[in-house]
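Visitor: Please take me closely through one part of this model, the place where you would begin, and then follow the chain outward from there. I would like one connected account, with the cut-offs behind each term.

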Amino acid sequence: LNFTIFSNWIKTNLIYLHRQKIMDLDQLEWAVQNILDDIERLKVESLPTLIEYFSKTVESNEIDLDVGFAILKLYQMHKSALDLDNVASILMCSLMSLPNNDFTLCRCLIANHKLNDEDEPTHRVEQANFLFQLLESCQFNKFWNYLEERPQLTDLTFNIPAVEGDEETKGTEAREIKIELSQFRESIIHYAAHIVTITYQTVDEGTVRTMLGNPSDKSLEIICEENGWTQNEGGNVFVGKKEDTIKSKDIVESVSFKSLVPVLQFIESEQTF
């Protein structure tokens, strides 16, 4: 009973701090952890705290996608609270974790009609999904061209809902936060380099440049060094021998002669017939 009273006291004070806008990042992280560990994660009233904390993790380049999943789950449960700008921002952040399956997990929490597969998607949610399809199918040249034509896709918008006041605390107005996803290009280059490493032994340098978004000579040199690749004079990039990563395994199957007797008898009967 005492623990329940103490827990409720903590939640009341966390809500008060958030409404007064006096929470620093550590306090906000603590508030979010209390929400995720409790039934509060299912309440729409938790959205302002979760969205604000997620936006701060994006701003500090320490994206907490678990919080992003929690936000999408709340949107799934409370459709009237859905904010597509927030959804698009979470999707763009999840692309940065490729080749992990975070984007797929996000897709599972979004209504299918929000992710129409179109050649020319218009909304940012659909555009983020289109970028994922290009990366998943390794159409890197088309991906980089699409992103270059729409640089605003990495300018994220987070809409923090208003919080109603009560007798003890005053409410807060709805707020909009703009954040540039500064590490997005670097994350996709890292993913493209991963694809090169697991696909090729030796590859044309032009192909590598296309997949990596046409980096400068110096940048390509750094990427090759980071991934253990070697640039040859013939215009090729030696990635590595795949034999070094393949582990042979001896498969031994023990089949007793007794277990083969029924099979041999059946074959003999067929031949006799």
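Guide: Leu65, Gly68, Ile71, Leu72 and Tyr75 in helix 4 meet Asn86, Val87, Ile90, Cys93 and Ser94 in helix 5, where contact means heavy atoms within 4.5 Å. This is a predicted model, in which local features need pLDDT of at least 70 and side-chain atom pairs count only at pLDDT 80 or more, while totals for chains, interfaces and linings use all residues. Residues are numbered from 1 along each chain as its sequence is written, and side-chain values use heavy atoms, with hydrogens and water left out. Helices (DSSP runs of H or I, at least four residues) and strands (runs of E, at least two) are numbered from the N terminus.

Two packed helices are described by the angle between their axes and the distance between the axes. Helix 4 (residues 65-77) and helix 5 (residues 84-95) pack at an angle of about 145 degrees, their axes being 10 Å apart; the axes are lines fitted to C-alpha atoms, for helices over the stretch in contact, and the angles run from 0 to 180 degrees between N-to-C directions. The crossing of helix 4 and helix 5 is left-handed, that is, the near helix is turned anticlockwise from the far one by less than a right angle.

Helix 4 also packs on helix 3 (residues 47-59), with axes that come within 9 Å and cross at roughly 145 degrees, and helix 3 passes helix 4 in a left-handed crossing. On the helix 3 side this contact is made by Leu47, Leu50, Ile51, Tyr53 and Phe54, and on the helix 4 side by Leu65, Val67, Gly68, Ala70, Ile71, Leu74 and Tyr75. Leu65, Gly68, Ile71 and Tyr75 of helix 4 thus appear in the contact with helix 3 and in the contact with helix 5.

Within helix 5, Ser94 repays a closer look. Ser94 is buried, with a relative accessible area of 0%; buried means under 20%, exposed over 50%, and partly exposed in between, with a 1.4 Å probe and protein chains only. Leaving aside neighbours within four places in sequence, Ser94 is in contact with Leu65, Asp102, Phe103 and Cys106. The loop between helix 5 and helix 6 (102-108) contains Pro99, and a cis peptide bond, with omega of about 10 degrees, joins Leu98 to Pro99.

The cysteines come next. The structure holds 0 disulfides, a disulfide being a pair of cysteine sulfur atoms within 2.5 Å. Cys108 is in no disulfide, and its nearest cysteine sulfur, that of Cys106, is 9.1 Å away. Cys108 is exposed, with a relative accessible area of 55%, whereas Cys224 is buried at 2%.

From helix 3 one can also turn to strand 1 (residues 155-160), which contains Ile160. Ile160 is buried, with a relative accessible area of 2%, and, apart from neighbours within four places in sequence, is in contact with Pro48, Ile51, Glu52, Ala174, Arg175 and Ile177. Ile160 and Thr49 are 111 residues apart in sequence and 8.2 Å apart in space, C-alpha to C-alpha.

Further along the chain, Cys138 lies in the loop between helix 7 (124-136) and helix 8, where it has a positive phi of about 60 degrees although it is not a glycine, and it is partly exposed at 36% relative accessible area. Asn214, in the loop between helix 10 (205-211) and helix 11 (217-227), likewise has a positive phi, of about 55 degrees, without being a glycine, and counts as exposed at 55% relative accessibility.

The structure holds 5 aromatic pairs, for which ring centres of Phe, Tyr or Trp (its six-membered ring) lie within 6.5 Å, with planes under 30 degrees apart counted as stacked, over 60 as edge-to-face and the rest as tilted. One of them joins Phe140 and Tyr191, whose ring centres are 6.0 Å apart and whose planes stand at 50 degrees, so the pair is tilted. That pair links distant parts of the chain, with Phe140 in helix 8 (residues 140-149) and Tyr191 in helix 9 (residues 184-199), 51 residues apart. Phe140 is buried at 2% relative accessible area, and Tyr191 is buried at 6%.

For the chain as a whole, the secondary structure comes to 12 helices and 5 strands, and 40% of the 273 residues count as buried.
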